[in-house]
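Biologist: I'd like to learn how to read a protein model without getting lost. Could you walk me through one, feature by feature?

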Amino acid sequence: MTNHSQLFPCGRVANMLSRREWLCRAGAGAGMIGLANLMSEQNLLGAPPTESSSEPMTSLVPRPGHFPAKAKSVIWLFMEGAPSSVDMFDPKPELDKRDGDTTDIQAFFGNPGPLMKSPFSFQQYGETGQWVCDKYTNVAKHVDKMAFIKSCYSESNDHVPAIYQINSGLPRPGFPTAGAWATYGLGSENQNLPGYVVMGNTKGAKGGPHNWGAGFLPSTFQGTLFRSNGTPVLNLNRQPQITKQDQIAQLDLMAKLNDEHMQRHTRDAEFANRMQSFELAFRMQKEATDVVDLSQETKQTQELYGIDNPRSKSFGSKCLMARRLVESGVRFVQVYSDGEWDAHDNLEENHTHHCAATDVPVAGLLSDLEQRGLLDSTLVIWGGEFGRMPISQNGKGRDHNPKGFMQWMAGAGIKGGVSYGETDEIGYEAVENPVSVNDLHATILHLLGLDHERLTYFHNGRSYRLTDVAGKVIQDILA
């Protein structure tokens with residue numbers, strides 16, 4: 001008797017179809033085609049996604065959101081390396097009581113030490129009495145504007161995948177980041193500047209350009225790396241020996257050749273994206289240089305951002321540039337802290353240094369946005385890729401902790417002076433209203449007027465979104 005089963009290398013068994021079975025299945029398929037035709041005639045099929053013929057979704061031209069937005073732009077203050085929640089904004093009295101006690105908590109790098117209380121003192125600020133450590137006293141003046149999300153968690157305890165996830169929703173490279181999704185959905189209000197700008201870590205962000213990439217979205221929406229002094233974008237300006245007239249003539253010729261190419265290859269989307277990038281670079285030559293010229297700001301404003309102090313000059317310059325960018329119509333700006341809040345050996349020394357570098361600039365940014373009437377339309381986010389352990393490491397440090405950490409948001413659409421969620425009594429794990437990275441992203445998009453479930457892009461046979469198949473808006477922090 002012939003065995004019609006076939007064993008594949010992966011262990012699956014497939015049965016060969018008989019002629020009758022094949023005809024049955026083929027007939028059913030033909031029936032579905034007929035059904036689709038009947039439904040189409042009666043307008044019962046869902047409408048295909050539409051796109052404006054005059055302004056394709058590969059351009060940065062402003063587009064309406066799904067509903068009225070609270071925020072027009074975002075400034076994300078990214079504290080790379082992961083600050084410790086229990087040492088910054090979320091003191092734990094139980095951790096003080098149990099200082100020196102041993103636990104069964106396992107550390108990322110092994111050899112966990114005993115529980116360690118915070119080396120900093122805390123005080124309550126504002127009408128809402130929010131706790132802030134003694135190293136962030138300038139930021140503390142703004143707590144009534146902030147919503148503290150104290151129960152965040154992520155998937156990875158390693159920096160690179162965790163940074164990928166906080167930026168793109170997934171702990172792997174190659175996916176569109178939040179800034180790319182926002183500009184894909186909304187475009188930008190200034191066609192002479194990128195819609196998504198990143199001011200990176202002076203030492204280089206871990207994971208590199210994947211942290212501001214567009215993934216499978218059109219490359220128009222990827223982040224553009226700006227420098228806080230000198231030429232904002234490398235190789236942006238024309239060479240001195242080339243006159244402006246010569247450059248315009250070159251661009252006119254290239255435009256003619258590109259148009260001829262596009263007429264022959266109408267589906268070459270990536271080529272169209274590159275054309276738009278070069279055209280944007282030409283338009284940026286003047287305006288981008290003006291945006292980073294901080295000498296146009298008054299001495300008082302520069303002091304507000306701490307630019308007069310060597311410790312805070314670098315980050316203060318980036319924060320001031322971020323304000324100038326959103327004021328100029330840029331949709332999404334991400335500002336990386338310099339160095340890393342990666343306190344494995346000496347938390348007190350590490351966090352004291354980074355607080356000194358960021359405290360005045362962050363407070364200055366919030367004050368300046370408010371004075372200029374921009375805080376009502378700008379969402380400000382502060383936080384890192386994960387948190388830090390309540391146990392000690394190497395005597396005075398803290399190891400990585402993705403199970404419980406915090407972020408805060410302020411500005412457009414945010415209910416100030418509130419706390420959402422909690423970690424356990426020692427600050428190890430989110431136990432009350434846990435907030436995933438997908439939830440954070442859903443909330444950011446919601447404030448921009450975008451429904452995270454409707455903002456999709458078809459790729460490799462499925463519709464992708466920033467929040468993948470999860471995410472819910474944190475309603476309790478919205479005004």
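Modeller: Let's go from the overall picture down to single residues.

Biologist: Okay, what should I keep in mind before I start, and how many helices and strands are there?

Modeller: Keep in mind that this is a predicted model. The protein chain has ten helices and 18 strands. Of its 479 residues, 50% are buried.

Biologist: And what share of the contacts join residues at least 24 apart?

Modeller: Take the contacts between residues at least 6 apart in sequence: 76% of them join residues at least 24 apart. Gly427 gives you a case to look at. Its C-alpha and that of Lys92 are 6.8 Å apart in space, while the two residues are 335 apart in sequence.

Biologist: Where is Gly427, and is it buried or exposed?

Modeller: Gly427 sits in the loop between strand 15 (422–423) and strand 16 (430–432). Buried means under 20% relative accessible area, and Gly427 has 5%, so it counts as buried. Setting aside residues up to four places away in sequence, Gly427 touches Val86, Lys92, Pro390, Asn401 and Gly404.

Biologist: Which other loop residue could I try this on?

Modeller: Try Ser392, in the loop between strand 11 (387–388) and strand 12 (400–401). Ser392 is buried too, with a relative accessible area of 7%. Leaving out neighbours within four places in sequence, its contacts are Pro112, Gly113, Pro114, Met116 and Gly397.

Biologist: Now sheets. How do I read the order of the strands in the open sheet?

Modeller: You list the strands as they lie side by side. Here the open sheet has eight strands in the order 8-7-9-3-10-13-6-14, and the pairing is mixed. Strand 8 (224–226) and strand 14 (418–420) are at the edges with a single partner strand each, so one side of each has no neighbour in the sheet. On average, neighbouring strands of this sheet are turned by 20° against each other, ignoring direction.

Biologist: What does a pairing look like inside that sheet?

Modeller: Look at strand 7 (residues 196–199) and strand 9 (residues 332–336), which pair in the parallel sense over four bridges. Within that pairing, Met199 stands opposite Val335.

Biologist: Where can I see an antiparallel pair?

Modeller: Go to strand 4 (residues 122–125) and strand 5 (residues 130–133), which run antiparallel and are joined by four bridges. Gln123 of strand 4 faces Val132 in strand 5. These strands form a hairpin with four residues between them, and Gly126 there has a positive phi near 75°.

Biologist: What about cores? Which residues have the most contacts inside the largest one?

Modeller: The largest nonpolar core has 55 residues, and the ones with the most contacts inside it are Trp76, Ile149, Leu379, Met409, Leu440, Ile444 and Ile477. Apart from that core lies another of 51 residues, including Met88, Ala140, Leu320 and Val333. Back in the largest core, Met409 touches Ile149, Leu379, Leu440, Ile444 and Ile477, among others.

Biologist: Leu440 and Ile444 sound like helix residues. Why is helix 10 described as largely enclosed?

Modeller: Start with the general idea: an α-helix has 3.6 residues a turn, so residues three or four places apart point the same way. In helix 10 (residues 437–447), ten of the eleven residues are buried, so the rest of the structure largely encloses it. Leu440 and Ile444 are among the buried ones. The cover includes strand 3, strand 6 (146–152), helix 3 (159–168), helix 4 (178–186), strand 10 (378–383) and strand 13 (405–411). After helix 10 comes Gly449, with a positive phi near 85°.

Biologist: Last one: aromatic rings. How many pairs are there?

Modeller: The count comes to 18 aromatic pairs. You check the distance between ring centres and the angle between planes. For Trp76 and Phe332 these are 6.4 Å and 55°, so the pair is tilted. Trp76 is in strand 3 (residues 73–78) and Phe332 in strand 9, 256 residues apart. Trp76 is buried at 3% relative accessible area, and Phe332 is buried at 2%. Phe108 and Phe109 have ring centres 4.7 Å apart and planes at 70°, so that pair is edge-to-face.

Biologist: Which residues make up the aromatic cluster?

Modeller: Phe175, Trp181, Tyr184, Phe216, Phe221, Tyr457 and Tyr464 form one aromatic cluster. Arg462 lies over the face of Tyr464, 4.0 Å from the ring centre.

Terms used
Residues are numbered from 1 along each chain as its sequence is written. This is a predicted model: local features need pLDDT of at least 70, side-chain atom pairs count only at pLDDT 80 or more; totals for chains, interfaces and linings use all residues. Side-chain values use heavy atoms; hydrogens and water are left out. A nonpolar core is a set of buried Ala, Val, Leu, Ile, Met, Phe, Trp, Tyr and Cys residues joined through side-chain atoms within 4.5 Å. Buried means under 20% relative accessible area, exposed over 50%, partly exposed in between (1.4 Å probe, protein chains only). Contact means heavy atoms within 4.5 Å. Two strands pair if DSSP finds at least two bridges between them. Helices (H or I, at least four residues) and strands (E, at least two) are DSSP runs, numbered from the N terminus. Axes are lines fitted to C-alpha atoms, for helices over the stretch in contact, and angles run from 0 to 180 degrees between N-to-C directions. Rings of Phe, Tyr and Trp (its six-membered ring) pair if their centres lie within 6.5 Å; planes under 30 degrees apart count as stacked, over 60 as edge-to-face and the rest as tilted. A charge sits over a ring if NZ of Lys or CZ of Arg is within 6 Å of the ring centre and within 35 degrees of the ring normal.
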